Structures are given as C-alpha cells and as structure tokens.
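Me: I am new to this structure and would like to go through it step by step. Could you show it to me before I start asking?

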Amino acid sequence: MQKQKPTPQSPSPSSGGTLMKTFDEGVMMFIDLAQESIVMFGIGLSQLVRLLVRFHVFSLTALYAIYVFTRIVIKDSWHLELLYKSAPTVFTPEKLDWFLQFSLNQHHFAFLLMILFIVCVSLGFKLRYVRTKFIKIFITAGLTNGKGDTPKLVGRNKLDKFRVQYDFDANGVGLSEFKDKQERIEAQFGMEVESIKMGKNPGRALITFNKRKFPETVSYQDVSEEKVLAPDSFYVGHSVEGVVTQKISDLPHMLVAGTTGSGKSVFFKQCLVGLLESTKHLQLYIIDLKGGLEAIDFKDAPNVKIVKTMQEAVMLLRQVEKEMKDRFKFLENNALKTIVPGRDKKDRIVVAVDEASVLYMERSRYDDDFKIALEARKLADSISKLSRAASIHLLLATQKLDRTVIPVSVSENISGRMAFRANSLQGSLVVLGSKDAAELPKTPGRGIWNVGNQKMIVQAPFISDEEIKRRCKRIANEFEANERFLFNDMIDELDHSESEESKEVLKGLMNKGFSDETKKQDRDKTE
Ligand SMILES: Nc1ncnc2c1ncn2[C@@H]1O[C@H](COP(=O)(O)OP(=O)(O)O)[C@@H](O)[C@H]1O
Ligand SMILES: [Mg+2]
C-alpha cells in the first residue's frame, strides 16, 4: 500500500479554533498533571509511612512540632497575611474574608493536609527521579529482560554511614546477569557494589553499594609508614578509618579463614612480620604442613622455628604444652595472674599454623597419622583453652572450616577472627556467625576483621617474600648486635634428648590400638 503523503496542515483560518485547541491542550495538560500528582502522592505517601515507621521516635517528635507550629501560624492568621502580601490583587481582603467563615480547627486541618500533599508529592517525584535514573543506568549497562524492560526500583535502605541497599523488582532479569554487569553498574554509579543477592520476596534483587573507596591493595610498607606498631602488635589492614592494628595479648588467639586465593597466607605472613618487629622477646613457631606459607622466607630470624611435618608439629605442640604448664606453676608459686614477658623473664610464644585443617582434620582410625592427628587436636585444644595467662598464642589459618576441622572447643577460645572471602554461606556463618564473608568481593586481601563484637571490613597489607627476607635479616642483625635477645632458649633447642624421648613415646602410641589409648587415658585420669 502506498503511503499517503501528509498534507501540510494549513493554519486554521479562525482564531477561535486555535483558542479552543490551546484551551483543550491546557485542560489535557492539567488533567495529566493532576493524574501525575495523584500517582506521585500515592507513591510518596507509602514512602512517608515507611519512613515514619522506621524512624518512629524522630517522626513522632517532628509531627508534634509541626502540629504545634502550624497551630500558632493559623491562630495568628499568618497564613492569610502571607497570602495577602504575596498577591494583594488576587487575595483581596474581601476574598480573604471568605476564609474566616471556617473554624480554627478546619483551617488547621486543611493546612496540615496541604503540607502532607506537598511532602508526599515531592517524595514521589524524588523516587521517580531515582527510578528513571536507574532505568537509564540499566539500559546503558545492557541489563534488560527479553522485552527490553529494565529492573525496577522498589525500595532503598540505608544500612550504615557508607552502605546503601537498593531493592529491585528484577523484572525477569536473572541474578547472574546482574553479576555479569557488576563492573558496568559500578562505573555508572561511581560506587563499589558490595553484594548482589536475591531478595526475600521472589523476583527481587538486592544490590548493596558501598561508598567507601577501598584501595585494591595496600602494602606492608604503606601501613608501616602510616602507623607505627605498638609493642606486641601486628597490622590487621586498612579500614575506612585508617590502619587497624591489634595487640596480640588482647586476643590471645586468632583464626584466619577464607577460600583458596583469598589472601590467608599473605595475611598470616605479614602478621608474623609485624609480631617479629614489634615484640621484643618473641619465640615464633611456624607449622606449615602444606608449604602454603613459604615459611622459608623467615629462616634468617633466629627466633623463628619452622616445622613442616605432622610428627614435628605434634612434638612442638607437646613442648609448648609443657612450657605452658611450667608457666602455670611459675604463676602459682609467685602468686601471679598472667605472665608479663619483661617482668617474668619469659618470652612471648606464638605458634602459627597455616593450613591448620591438615593438623586438625579428623582421620579414619586406619590412617597412618590417626594417632598423631588425635594428639595434635588434644594439644591444640588444651593450649587454646589455658594459654591465655601464659603469654602463649595460637594463630590458625584454614581454608576448610567446619566442626570437624577446627574443634568447637578451640574455636570458642579464639576471639580474633579474620574472615576473607568464603565460598559458601555456611563457611561464613562458622567464622563470623553472619553471611558477610560470603558477600565479600573477589579482591585478595579483602576481609572482615572480627574481634569481640566488633566487625570491620579491611584490606590486608600485602607483603612480598623479598620484603619478609629483608625484615627478617634486619631482626637477625639486631640479635647479633645484642639489641635484642631472648630470655629462654627456643623450644627445639631446649633438650634434644627430650625430643628423642618424645619420639619414643609417639612410636609407642602409634603401635597401640585406639582402645588402648583410651584405657591409658582413663588410667591417667584415675592416677
Ligand atoms: N593483601 C593482599 N593484597 C593484594 N594481593 C594479595 C593479598 N593477599 C593475597 N594476595 C594475592 O593473592 C594471592 C593468593 O594469596 P594467598 O595468601 O596465597 O591465598 P590463600 O592462602 O588464601 O590461598 C597472592 O599470591 C597474592 O598475589
Ligand atoms: Mg595459603
């Protein structure tokens, strides 16, 4: 079919027709505007109710204040005065007289209604403005459903000073699509997306934005230049408020958890460097059963011992336990409560276990290292429970985390937790008691530091192997120059025959059956 050429519209000959048209248009515009305002009023009203419920104490006070203030205004006829002054030709005294037939209460009620209308319509328009902004952003980011519609903003929730959570009706757009477009959404908003997850109601998507600008990386050098470590401390990382450090004696134990590649080993290493640098009299024992830590970088520091096998680890833990008991005796004999290294001439002892799950993992009875693992668990258990007063600390890092890996008795005694990204909700729940760690971005070194009931997001300092070597060499030099010294011998060097003896004990233990061991325990208990 041929398209008909539109005939150019000749201007209407009668000016009356034009006038009618303009009038019609005006009426239509007015109707549109009225409709729009009513819709906006509705949206705004629901938003207002939500705000009133959320901040009810503040709202009630504000409402009362508004009530009192408007009452005064009306009582003194300020509103009529204002009308007269603003347009004396329109609001002539005769016209204003008309208002006076209504009672004070009626005036007040109408006045309050007017305020309500203005507030709601403004809120509605604001929400619509934000909604339109989101639609534009989603279209630019290519986030639309099959029909070209974008997700729709349903609500906005301010979580804290820095975090805002937006609730979207996904409109058929899958959660994975949101995640795929995360970078573009971030670029459009100029804010970092902290998490994208499903809302409580079906078809909803919750996006949490974080205004905090976290550096992608912070180096050990950076943090050490920004803040000098207090004695017996280590760096936790960079939070929004600056460098966070932790005094080890306040912990006294720490658990580091997170999925592979999330930055546990790097964090661990920088903690150890910090402790080595800030603690005058420190014995550091590193148990590295999987070689994840490259503990070799620490070998130059004379107050560091590295243990790489299960047997050695158990022997070490035994000696630590023995030392702990000796220290308790010392405390008892001297009527003291806690070991203070400087005063009591006893070194602070830190036992650091990377990939602790290897040490703790429950094994089948028939596994070669069943006995050893069992003993390791018991030792770590007793150390974690009792060593608070003995200035002996356990630092554990683990990827796997459930009750079979770290016994509840151990984890209960650990008050410092560094949770890097967890790849399951369950993992996060075990470490933090909340799902926060499962929602961390993939940035290595980004973690949640939890001590007591305080939780904060930090970027852990990065330290290179060369930097560790350099700093350990410096510590070695300080020992050589007698600027540093230990009060006691390192555990391994105490008495070698004892460790031989331990080997024998261990051998005996391994040759016996499980039931024998329990009998032996029972015997020990009755003795
Ligand atoms: N704090 C950090 N800052 C920057 N990059 C880091 C940080 N921690 C770790 N990384 C990077 O991530 C990689 C894996 O870290 P690692 O500590 O070995 O992880 P995990 O022990 O959790 O498997 C490191 O080789 C490093 O490149
Ligand atoms: Mg590791």
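The questions and replies below turn to the ligand, then to a sheet, and last to the backbone.

Me: What kind of model is this, and how are residues numbered?

Reply: This is a predicted model, in which local features need pLDDT of at least 70 and side-chain atom pairs count only at pLDDT 80 or more, while totals for chains, interfaces and linings use all residues. Side-chain values use heavy atoms, with hydrogens and water left out, chains are lettered from A and ligands numbered from 1 in the order in which they are written, and residues are numbered along each chain, as its sequence is written, from 1.

Me: How many residues surround ligand 1?

Reply: A residue belongs here if one of its heavy atoms lies within 4 Å of the ligand. The closest are Gly261, Lys264, Ser265, Val266 and Ala460, and the full number around ligand 1 is 15.

Me: Which helix supplies the largest share of the shell around ligand 1?

Reply: Helices (H or I, at least four residues) and strands (E, at least two) are DSSP runs, numbered from the N terminus. Strand 16 (461–462) and helix 9 (264–278) each give at least two residues to this shell. The largest share, three residues, comes from helix 9.

Me: How far is a nitrogen atom of ligand 1 from a polar backbone atom of Ala460?

Reply: A polar contact is a pair of N or O atoms within 3.5 Å; within protein, one must be able to donate a hydrogen and the other to accept it, and residues adjacent in sequence count only if both atoms are side-chain atoms. An oxygen atom of ligand 1 is 3.1 Å from a backbone N or O atom of Gly263, and an oxygen atom of the ligand is 3.3 Å from a polar backbone atom of Ser262. For the nitrogen atom and Ala460, the distance is 2.8 Å.

Me: Which strands stand at the edges of the open sheet?

Reply: Two strands pair if DSSP finds at least two bridges between them. Four strands form this sheet in the order 1-2-4-3, with antiparallel pairing. One side of each edge strand is left without a neighbour in the sheet because each has a single partner strand, and these are strand 1 (152–158) and strand 3 (192–198).

Me: What is the bridge partner of Lys197 in strand 4?

Reply: Strand 3 and strand 4 (residues 204–210) run antiparallel and are joined by six bridges. The partner of Lys197 in strand 4 is Leu206.

Me: Where is Pro252 found?

Reply: The peptide bond from Leu251 to Pro252 is cis, with omega near -10°. Pro252 sits in the loop between strand 7 (242–247) and strand 8 (254–257).
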